[in-house]
Amino acid sequence: YKNHADAIKKDYKIGLKYVVNFSESVRGLSVGAPVEFRGKRVGEVTDIQLVYDKDQLKITVPVAITIDYGRLTLKGNKETESDIYDAHESRTDFFVKQGLRAQLQTGSLLTGQLFVAMDFFPDAPAFVMNWDAEIPEFPSQPGTIDDLKIHLSSILRKVDNMMTQVN
């Protein structure tokens, strides 16, 4: 290792792989960016692609992530780390049904760096994991940045209308 930080860094490439299709821009997201659950790092971004789908005639930006289920401990249960990995499909299905989604969030307003945040959105549309896929797709939730842009745009239009009426 080059230094102490490299030596103690967790290798998230060993975990389970998923692909997330975000509907918003991934500008500011990079390979190696953290995947966090409520502020706790549980994985990392391993790849970002640009894919043209001939059947649907659209371009998507699939983001590959790896999640280390070894970072999850089960309260009141004596399961080993291997048990957590073995049961990951049923556990993931359960959490996805409860509204667990991936979302792009800003890590720094100054740099524009993004990370993948995971949290529960109980009102999220239903999603069924396809475990037969080469890399299963994990559901996403539109990020707060897009909401902020929409609200700011709406406010600016109202201010513009007010200024036009004043003149």
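Is Y18 buried or exposed? In this predicted model, Y18 is buried, with a relative accessible area of 1%. This tyrosine offers a convenient entry into the structure, for it takes part in an aromatic pair, in a strand pairing and in a contact with I67.

The overall architecture sets the context. The protein has 4 helices and 9 strands, and from the N terminus on, its elements follow the order α-β-β-β-β-β-β-α-α-β-β-β-α. Of the 167 residues in the protein, 29% are buried. About 11,500 Å² of the protein is exposed, and 55% of that area is supplied by carbon and sulfur atoms. When contacts between residues at least 6 apart in sequence are considered, 58% of them join residues at least 24 apart.

The sheet comes next. It is an open sheet of 7 strands, arranged in the order 7-8-2-3-6-1-9, and its pairing is mixed. Strand 7 (100-106) and strand 9 occupy the edges; each has a single partner strand, so one side of each is left without a neighbour in the sheet. Strands of a sheet pair through backbone hydrogen bonds, in either a parallel or an antiparallel sense. Both senses can be followed from strand 1. Strand 1 pairs with strand 6 in the antiparallel sense over 6 bridges, whereas strand 1 and strand 9 pair in the parallel sense over 2 bridges. Individual bridges can be located on each side: K17 has T66 of strand 6 as its bridge partner, Y18 has I65 of strand 6, and V20 has F138 of strand 9.

Strand 6 also pairs with strand 3. Strand 3 (residues 40-48) and strand 6 (residues 62-67) run in the antiparallel sense and are joined over 5 bridges, with V45 standing opposite I65 in strand 6. I65 therefore appears in two places in this account, opposite V45 and as the bridge partner of Y18. How enclosed is strand 6 by the rest of the structure? Of its 6 residues, 6 are buried, so strand 6 is largely enclosed by the rest of the structure. The burial extends to both faces of the strand: P62, A64 and T66 point one way, V63, I65 and I67 point the other way, and all are buried.

I67 illustrates these surroundings at the level of a single residue. I67 is placed in strand 6 and is buried, with a relative accessible area of 7%. Apart from its neighbours within four places in sequence, I67 is in contact with G15, L16, Y18, V42, G43 and M118. The C-alpha atoms of I67 and P34 are 10.0 Å apart in space, while the two residues are 33 residues apart in sequence.

The aromatic side chains provide a further view of the fold. A search of the whole structure finds 5 aromatic pairs. One of them joins Y18 and W131 in an edge-to-face arrangement, with 6.2 Å from centre to centre and 70° between the planes. Y18 belongs to strand 1 (residues 16-21) and W131 to the loop between strand 8 (114-120) and strand 9 (137-138), so this pair ties together parts that are 113 residues apart in sequence.

What is the geometry of the pair formed by the rings of F95 and F120? Their centres lie 6.0 Å apart and their planes stand at 70°, so the pair is edge-to-face. This pair also links distant parts of the chain, with F95 in helix 3 (residues 88-97) and F120 in strand 8, 25 residues apart. F95 has a relative accessibility of 26% and counts as partly exposed; F120 is likewise partly exposed, with a relative accessible area of 26%. F95 and F120 belong to one aromatic cluster together with F37 and F94.

The surface supplies the last part of the description. L50, Y52, L57 and I59 make a nonpolar surface patch of about 500 Å². Within this patch, I59 lies in strand 5 (residues 58-60). Why does I59 count as exposed? Its relative accessible area is 59%, and exposed means over 50%.

Terms used
Residues are numbered from 1 along each chain as its sequence is written. This is a predicted model: local features need pLDDT of at least 70, side-chain atom pairs count only at pLDDT 80 or more; totals for chains, interfaces and linings use all residues. Side-chain values use heavy atoms; hydrogens and water are left out. Rings of Phe, Tyr and Trp (its six-membered ring) pair if their centres lie within 6.5 Å; planes under 30 degrees apart count as stacked, over 60 as edge-to-face and the rest as tilted. Buried means under 20% relative accessible area, exposed over 50%, partly exposed in between (1.4 Å probe, protein chains only). Two strands pair if DSSP finds at least two bridges between them. Patches are made of residues with over 30% relative accessible area and no salt bridge: like charges are joined within 9 Å, nonpolar side chains (Val, Leu, Ile, Met, Phe, Trp, Tyr) within 5 Å. Accessible areas come from the Shrake-Rupley method with a 1.4 Å probe; for residues, only the protein chains shown count as cover. A salt bridge is a side-chain nitrogen of Lys or Arg within 4 Å of a carboxyl oxygen of Asp or Glu. Contact means heavy atoms within 4.5 Å.
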